[in-house]
Amino acid sequence: MTGLPDVPGSASASSVPKPGPRPGPEQRPGPEQLVSLLDEAASAFREHLVPLTDADVRAPSGLPGWSRGHVLAHVAGVANGMARQLEYAAVGETIDLYDGGVDGRNRAIEEGSVRSADRQRADLDTALDRALAAFHRLGEPDWDVPISYRDGVVRDGGLALWRELVIHLTDLNVGVEADAWSPLFCEHLFGFLAARVPSDLRLSVQPFGMAPRILAGPSAAAAAAASRTVSVNGMATDIAAWLAGRNPNLGSLRAEAAADGVELPALLPWPSALPAK
């Protein structure tokens, strides 16, 4: 989905981090708010596609080895995939996120990447309209209906589409950087991307102006068992961008630990929702 090789940030050694923050739950907007967030993210994504020419679409994106066309084809595929999830959930069934599984996903991205700018916009409009319509049709109980995506529920699918739209807009190199991410989006990423923290690490994130929190394993016991602690502080958007493997464009990140010369720790791969091959 939105995973890619990590983007290194800057770091400096300092003092031992003070204990205090405890593991916190992932921030999850409620159904009505999530629908609004999806509408806003889709609108912003579409807006930035308007001026793109065929040459622009073929130009490199911020993702290694991918053009803007690859990113656009991928986002359209995710939107259609989430629409599929909801359409089948509405009749009590589940279905793979992508038609044809991993191979189908990859084939659709490659085929879609070479299309014209007008075709890319049309494909994306159709996919987003389909997905947004499906989310707008949901009643309160529908958000907890099971889907195959991450063996979760409909709400997980909504959060995934939100992440894809917001993060991949920065990947398009159209003038939107991670510093545009909202505090709520950053809070959500802190929780979702805790899965990237290695099992031997307790990561204390301390975003300026926001409550600190511990990112570690899936439980308080895992956090307590970690053999080392690193504190990462800076602007919330820089921390979230680093966790997401994107560019912390404000350059505010600092890492602190007991040892001298500490750097930002290496993270595990993006928590993929697709089966390994």
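In the predicted model, four strands assemble into an open sheet whose order is E2-E1-E3-E4, and the pairing within this sheet is mixed. The edges are occupied by strand E2 (213-215) and strand E4 (254-256); each has a single partner strand, so one side of each is left without a neighbour in the sheet. From one strand to the next, the twist averages 25°.

At the E4 edge, strand E3 (residues 228-234) and E4 run antiparallel and are joined by three bridges. Within this part of the sheet, Asn233 is placed opposite Arg254 of E4. A helix also packs in contact with the sheet: helix H9 (residues 236-243) lies across strand E1 (201-207), E2 and E3. The direction of H9 makes an angle of about 145° with that of E1.

The sheet belongs to a protein chain whose secondary structure comprises nine helices and four strands. Along the sequence, these elements follow the pattern α-α-α-α-α-α-α-β-β-α-β-α-β. A run of seven helices thus precedes the strands in the pattern, after which two strands are followed by a helix, a strand, a helix and a final strand.

For the chain as a whole, 50% of the 277 residues are buried. Among contacts in the protein chain with a separation of 6 or more, 72% are made by residues 24 or more positions apart. The accessible surface of the protein chain amounts to about 12400 Å², and carbon and sulfur atoms contribute 53% of this area.

How values were computed:
Residues are numbered from 1 along each chain as its sequence is written. This is a predicted model: local features need pLDDT of at least 70, side-chain atom pairs count only at pLDDT 80 or more; totals for chains, interfaces and linings use all residues. Side-chain values use heavy atoms; hydrogens and water are left out. Two strands pair if DSSP finds at least two bridges between them. Axes are lines fitted to C-alpha atoms, for helices over the stretch in contact, and angles run from 0 to 180 degrees between N-to-C directions. Contact means heavy atoms within 4.5 Å. Buried means under 20% relative accessible area, exposed over 50%, partly exposed in between (1.4 Å probe, protein chains only). Accessible areas come from the Shrake-Rupley method with a 1.4 Å probe; for residues, only the protein chains shown count as cover.
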